[in-house]
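Ready to look through this protein together? Here are the sequence and the structure, followed by some questions to work through.

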Amino acid sequence: MADITRFPFVRHLRGSATGYVIQLRNGKVRRSGVAASFWFRPLPAVISEIPVDDRELPLLFHARTADFQDVTVQATVTYRISDPALAAARVDFTIDPDTGRWRGTPLDSIARLIVELAQQAALDILVASNLLDALAAGPRRVRDAVDAGLGADGRLADSGLQIRDVRVVAIRPEADVERALQTPTREYVQQEADRATYERRALAVERERTISENELQSTIELAVREEQLVTQQGVNQRRRAEDLAGASRIAAVAAAAEQDIRAGAEAGAIRVVGEANGAAEAARLGAYDGIDRNVVWAMALRELAGGLPSIGSVTVTPDLLTGLLAWLTGPTGPTGDGATGDGAATADAAQTTRA
């Protein structure tokens, strides 16, 4: 929108970079151009400002398909005024010389024209298509039809308008129909989700089974190894016991052999000593052979007296002396006929002598 500065009897207009200003006076063009700046008198001047920038026009309208389903079309049309002088001649772009505002609504008039033309082109396509085709391939077909329809319309060209772009944002059915159409896809997606869940659960169960089998196999392997260990330990203990028994047997045999050798040696020594003693005794007795018996008795008494303890004093009573004399002179005494060399007479003689 142009800026107008008011002064007494005159005005100053300063246009914008996207506004095309035309000044008419007495039906003739006095000034025109983009971003114009000039002085003018308000009473005889007629000034129009035409925007020459690209403008976006949103479209929202309803249509009915061949199967009698209502759909909503949402689109956007980009246009611009390519010939401002021609547009100013067809549409009223006059501005107030005091405020710089349009006296009418020129852009609304252009918008109604474009909307009606675009809606007509879209309806021609949608009325020949069923709902599913309109939803699937409708946006592209509607866009092409609207673009072609607007480009071929002579009223837009005569108004100095140029269509820059057409975009169909969406074609949507009614809410309940849209939910009904979404139901199969939702069911399919839910089925896929359930299938994925079941597969995940089956995979988890399979993995759990594999883990359990591995654990069971490990337990069996450990049990087998433990059995082998117990068997080997039993074999080792039996072998150790056999080794200990063999060693004990060998030690016992060695001890018995040693004892036999020692006993044999001791027996041999005893036998040798006995034989030597016997030979000595035999020799001694042989030496006594042929000696008078009284001499033998005297020698025996001497040896006996040599083995007796020392006697400090001896008391001889008449009874003892009488008995001794009787024995010495009797038939059983050492001088009698009945005297023998046995041990009893020797013991009596020794006892009598001690007494």
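**Charges, contacts and cores**

Q: What relative accessible area does Asp53 have, and is the residue buried, partly exposed or exposed?
A: Asp53 falls in the middle class, partly exposed, where buried means under 20% relative accessible area, exposed means over 50% and partly exposed lies in between (1.4 Å probe, protein chains only). This is a predicted model, in which local features need pLDDT of at least 70 and side-chain atom pairs count only at pLDDT 80 or more, while totals for chains, interfaces and linings use all residues. Residues are numbered from 1 along each chain as its sequence is written, and side-chain values use heavy atoms, with hydrogens and water left out. For Asp53, the computed value is 26%.

Q: Which residue meets Asp53 in a salt bridge?
A: A salt bridge asks for a side-chain nitrogen of Lys or Arg within 4 Å of a carboxyl oxygen of Asp or Glu. The N to O distance here is 3.4 Å. The partner is partly exposed at 27% relative accessibility, and its name is Arg55.

Q: How far from Glu49 is the nearest side chain of opposite charge?
A: Glu49 sits in strand β6 (residues 45-51); strands (E, at least two residues) and helices (H or I, at least four) are DSSP runs numbered from the N terminus. Lys and Arg count as positive, Asp and Glu as negative, and His and the chain ends are not counted. Glu49 is buried without a salt bridge, and Arg55, the nearest side chain of opposite charge, lies at 8.2 Å.

Q: Which two residues that Glu49 contacts pair their rings, and why is the pair edge-to-face?
A: Contact means heavy atoms within 4.5 Å, and beyond four places in sequence Glu49 has contacts that include Tyr20, Phe93 and Trp102. Rings of Phe, Tyr and Trp (its six-membered ring) pair if their centres lie within 6.5 Å, with planes under 30 degrees apart stacked, over 60 edge-to-face and the rest tilted; the count is 3 aromatic pairs. One of them is edge-to-face because its centres are 6.1 Å apart and its planes stand at 65°. Its members are a buried residue at 1% and a partly exposed one at 31%: Phe93 and Trp102.

Q: How many residues apart are Arg11 and Asp98, which share a salt bridge?
A: Their closest N and O atoms are 3.1 Å apart. Arg11 is buried at 10%, whereas Asp98 is partly exposed at 30%. The pair links strand β2 (residues 10-14) to the loop between α1 (84-90) and α2, a separation in residues of 87.

Q: Which element gives the largest share of the largest nonpolar core?
A: A nonpolar core is a set of buried Ala, Val, Leu, Ile, Met, Phe, Trp, Tyr and Cys residues joined through side-chain atoms within 4.5 Å. The largest one has 39 residues, with Ile114 and Leu150 making the most contacts inside it. Elements supplying at least two residues include β7 (55-64), α4 (138-152) and β9 (161-173). The largest share, 10 residues, comes from α2.

Q: With which side chain does the side chain of Glu192 make a polar contact?
A: Glu192 lies in helix α6 (residues 175-288) and is partly exposed at 28%. A polar contact is a pair of N or O atoms within 3.5 Å; within protein, one must be able to donate a hydrogen and the other to accept it, and residues adjacent in sequence count only if both atoms are side-chain atoms. At 2.5 Å, the partner is Arg195.
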